[in-house]
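The structure below is best read one element at a time. Please keep the sequence beside it while following the text.

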Amino acid sequence: MAGRFAPRPTRTTVRGGDVGVPGGVPRQAAGVGLTRTWTPSGPLDLGLVLGPLRRGPADPTFRATPDGSVWRASLTPAGAGTLRVSLRGGVVRGEAWGPGGEWLLEQMPEMLGAADDPGAFEPRHRVVAHARHRRPGLRLTRTGLVLESLIPSVLEQKVTTDEAYRAWRLLVRKYGEPAPGPAPERMYVMPAPRTWALVPSWEWHRAGVDNKRASTILRAVRVAGRLEEAVGMEPGAAQARLELVSGIGPWTSAETVQRSHGAADSVTVGDLHLPGIVGYALAGDREADDSVMLSLLEPYAGQRHRAARLILLSGRTPPRRAPRMRRGDIGRL
C-alpha cells in the first residue's frame, strides 16, 4: 500500500515545499493570454515543485486554486507578469498575461524542474529512499529571479515564519501592483527595487520588520541589477556575490539560490531547526548542529539540498520538548 495514498501534510512537510494542489479539470481562465504547452520527461508534482515559492498560505504572489492550477505573479526583467500553470494527462499548460508574460512562459520549463536531474540522486538512508518513493514528482525549481526569493528570505531572518509571512503579505499588497490578467482576487506583483527603496521607515515598523532586516533589504535593492546578474553564475559564486551585501549570510544566500538557481547542493546552514531534523532522521540525534548535519549529508555531496528536502517531506521530526517560539509584533510598539 506504500505510496498509494498521498501522505497528510504536516508542518514539516509544508516547510519542505509541499503545497496541496487540488485535482480536477483546469477551467479555462477568462481573457486567455499567451499560451504554451510542455511535456515533462518524468513524473511532475506541481505542488512539490512550486511549493518553495509560496511564502505562507496568504502569499499575494502565489495561489493554488481548486481547479488544479497554480498561479504566480512575478516581476520579470520584462515587467510584471502573471503565470497560470496546470497539469493534465502528463502535459503542462501555461497561460501568461502582462508585459512579463512571454518571459514567464520561456522560463516555465525550468521553473518546473526541466533543468533538474532527479536521476543523479541516490538515496543512502531508508528514510530518504522512502520519501523519494512516495514523492516521485519532486523536482527542484529554477525561477531565474533573485530578488523575489532574496527579499522574503531576509524577512524570515531570526523571526517566526508567521511574522515573516505577515510582513511579506502586508508590504507586497501595499506597495506591489495588482497581478495582470484574470488572476485570482488579491494577487499582487512584488514591488520594483525602486519602490522597495522608498518604503518609509514607519511602514517597515508597522509590518513588524526591524531596522536590521529592513536595512539589509534596502542595501540589496540598491544593487539589484548586480544581484540579478548572479542568475548566470554557478550557485556557489552566486551565494558569494549575495553575501557581499551586509546582512546577507550563508542562510539567506542558500535559501535564495535554492529557488533562483535550482541549486541541488546548496544546503541551508545556520537554521534553528534543520540540523536537529536531519540529525534525528538520519542518526537519531536531535541535538545535531550544523557540523553534524553536514557530516551526515556528506554521502549526498552534490545533492545535499535535495536530500534535506526529502527528509523534511518525510515528516520524521523529533518530538517537541518546548513551547514554540513566541510570535512578536514590533508594529504594536
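The paragraphs below take the sheet, then its hairpins, then the helices.

The model is a predicted one. Its sheet is open and consists of five strands, arranged in the order S1-S5-S4-S3-S2 with antiparallel pairing. Strands of a sheet pair through backbone hydrogen bonds, either parallel or antiparallel. At the edges stand strand S1 (34-38) and strand S2 (62-64); each has a single partner strand, so one side of each is left without a neighbour in the sheet. From one strand to the next, the twist averages 20°.

Strand S4 (residues 79-88) is joined to strand S5 (residues 91-97) by seven bridges, and S3 is likewise joined to S4 by seven bridges. Both pairs run antiparallel. How far is S4 enclosed by the rest of the structure? Eight of its ten residues are buried, so S4 is largely enclosed. The cut-off behind that statement is a relative accessible area under 20%.

Two hairpins can be followed along the chain. S3 and S4 form one of them, with two residues between the strands. Thr76 stands opposite Gly79 in S4. S4 and S5 form a hairpin that also has two residues between the strands, and there Gly89 takes a positive phi near 65°. On the strands of this hairpin, Arg88 has Val91 in S5 as its bridge partner, while Arg84 stands opposite Glu95 in S5.

Helix H3 (residues 101-111) connects the view of the sheet to that of the helices. H3 lies across S1, strand S3 (70-76), S4 and S5. Relative to S1, helix H3 runs at about 15°.

The next pair to examine is helix H5 (residues 147-155) and helix H6 (residues 161-175), whose axes come within 8 Å and cross at roughly 130°. That angle makes H5 oblique to H6, because only angles over 145 degrees count as roughly antiparallel. The crossing in which H5 passes H6 is right-handed.

Which residues of H5 and H6 meet? From H5 they are Glu148, Ile151, Pro152 and Leu155, and from H6 they are Ala164, Ala167 and Trp168. By class, the residues of this contact divide into six nonpolar, no polar and one charged. The charged one is Glu148 in H5.

Methods
Residues numbered from 1 in each chain as written. Predicted model: local features only at pLDDT ≥ 70, side-chain atom pairs only at ≥ 80, totals over all residues. Heavy atoms only, no water. Pairing = 2+ DSSP bridges. Helix = DSSP H or I, 4+ residues; strand = E, 2+ residues; numbered from the N terminus. Axes fitted to C-alpha atoms, helices over the stretch in contact; angles between N-to-C directions. Contact = heavy atoms within 4.5 Å. Buried < 20%, exposed > 50% of the residue type's maximum accessible area, 1.4 Å probe, protein only. Parallel < 35°, antiparallel > 145°, perpendicular 65-115°, else oblique. Left-handed = near helix turned anticlockwise from the far one by under 90°.
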